[in-house]
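Me: I am new to this structure and would like a close look at a single part of it. Please pick one helix, describe it and its surroundings, and set it against the protein as a whole.

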Amino acid sequence: MVPLMRYGGLEFKKEVFRTEILSTEVFIFNDGFLFIGTTDERKVLEIFELLIASMLLNNIPALTCTRIDFLKGKYDKEKKFFEEIGGDVFTLRSWAMFSSEIIRRRCYSLRIGKEKVIPQNILIKIIEMSRTLTKNEEIKKLSRSWARAYTHQELGEPIEAFLRAWYIVEYWVEKTWEHYVMKKVKTDNKSLKETIRRLTKDPTYMTLDHKIRLLYIIGLLDATMYRRIVKLKDVRNKIVHDFYEPSENEVKEIFELATQKVLSFLEKYRIS
């Protein structure tokens with residue numbers, strides 16, 4: 001066992017890895033505690049979700065969090081010691097990082113997270129993957145939404161899980177239609193091209209239903225995928241308009257489809 005560091009009655013294990021993501025220092029401890037060196041909460045969440053997405057892509061179950069789970073601290077990176085740490089609100093997830101092993105296990109049994117020992121070579125692969133995800137805004141947005149969808153699914157939040165995953169599927173439909181239209185445009189006029197591109201995104205010009213139908217007619221969606229997307233879109237509409245709560249199978253299906261689409265975008269940008 002690695003000796004624990006103690007401060008104010010709280011226990012922290014030894015820092016085992018230090019890296020940089022989005023020009024921000026990230027410190028990882030061997031009990032799974034993660035310290036991100038910035039006071040910008042939006043950036044903290046962005047880096048954290050990219051790391052979680054990278055873990056999922058490496059077949060390691062992991063959950064993201066919300067800002068309320070964050071704790072603020074002052075870390076002396078030379079002495080490798082926390083001078084200050086705390087938060088306005090201690091949620092179950094943040095409290096689990098400090099409490100006794102018995103409480104930790106109890107919290108984990110509530111699916112707050114899943115403990116898993118990660119070998120250093122896999123940890124390095126996860127970090128490199130998270131850095132790669134930052135190089136493309138499209139991939140960054142999709143992978144973060146995917147990580148959130150997975151977390152909502154694991155925590156038994158079907159509405160949030162479904163809508164997060166649907167965002168990915170809808171984005172794929174929109175981009176597939178835009179790509180098809182722009183390939184058909186035979187002009188060097190940049191202004192005209194931009195106008196056409198803008199129209200492909202304008203719902204008053206063409207609705208999502210029209211795009212799904214046309215993708216099927218022109219052969220970019222086979223009959224099975226067409227029926228599947230239409231069915232899931234109907235579920236999405238019931239959630240938004242009729243207070244419908246999707247079933248476990250419906251959430252599982254939309255997440256599987258969203259995963260396929262995320263992987264297709266990763267393949268497009270040669271990220272794997």
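Reply: The protein has ten helices and seven strands. The model is a predicted one. Of its 272 residues, 44% are buried. Among contacts with a separation of 6 or more, 60% join residues that stand 24 or more positions apart. The accessible surface amounts to about 15,900 Å², and carbon and sulfur atoms hold 52% of that area.

The part chosen here is helix α9, which covers residues 223-242. Its length can be checked with simple arithmetic. The expected span of a helix is 1.5 Å times one less than its number of residues. The 20 residues of α9 should therefore span 28 Å, and the C-alpha atoms at its ends are indeed 28 Å apart, so the two values agree.

Next come the two ends. At the start of α9, D222 places a side-chain oxygen within 3.2 Å of the backbone nitrogen of T224. Just after the helix, F243 has a positive phi of about 55 degrees.

Along α9, the buried residues are M225, Y226, R228, I229, L232, K233, V235 and I239. The list includes R228 and K233 as well as I229 and L232. These buried residues pack against three other helices: α6 (158-184), α8 (208-217) and α10 (248-268).

The loop that leads from α8 to α9 contains L220. This residue has a relative accessible area of 42%, so L220 counts as partly exposed, a class that runs from 20% to 50%. L220 also belongs to a nonpolar patch on the surface, together with Y216, I217 and I218. The accessible area of the four residues in this patch comes to about 340 Å² together.

For a view of another part of the protein, take T19, a residue of strand β3 (residues 15-21). T19 has a relative accessible area of 10% and is therefore buried, since the cut-off for a buried residue is under 20%. Leaving aside residues up to four places away in sequence, T19 touches T24, E25, V26, I127 and R131. With R131, the contact is also a polar one between the two side chains, at 2.2 Å.

To return to the chosen part: α9 has the end-to-end distance expected for its 20 residues, and its buried residues pack against α6, α8 and α10.

Notes. Residues numbered from 1 in each chain as written. Predicted model: local features only at pLDDT ≥ 70, side-chain atom pairs only at ≥ 80, totals over all residues. Heavy atoms only, no water. Helix = DSSP H or I, 4+ residues; strand = E, 2+ residues; numbered from the N terminus. Buried < 20%, exposed > 50% of the residue type's maximum accessible area, 1.4 Å probe, protein only. Contact = heavy atoms within 4.5 Å. Polar contact = N/O pair within 3.5 Å; in protein donor to acceptor, adjacent residues only side chain to side chain. Areas by Shrake-Rupley, 256 points an atom, 1.4 Å probe, with all protein chains shown as cover. Patch = residues over 30% accessible without salt bridge, like charges linked within 9 Å, V, L, I, M, F, W, Y side chains within 5 Å. Salt bridge = Lys/Arg side-chain N within 4 Å of Asp/Glu carboxyl O.
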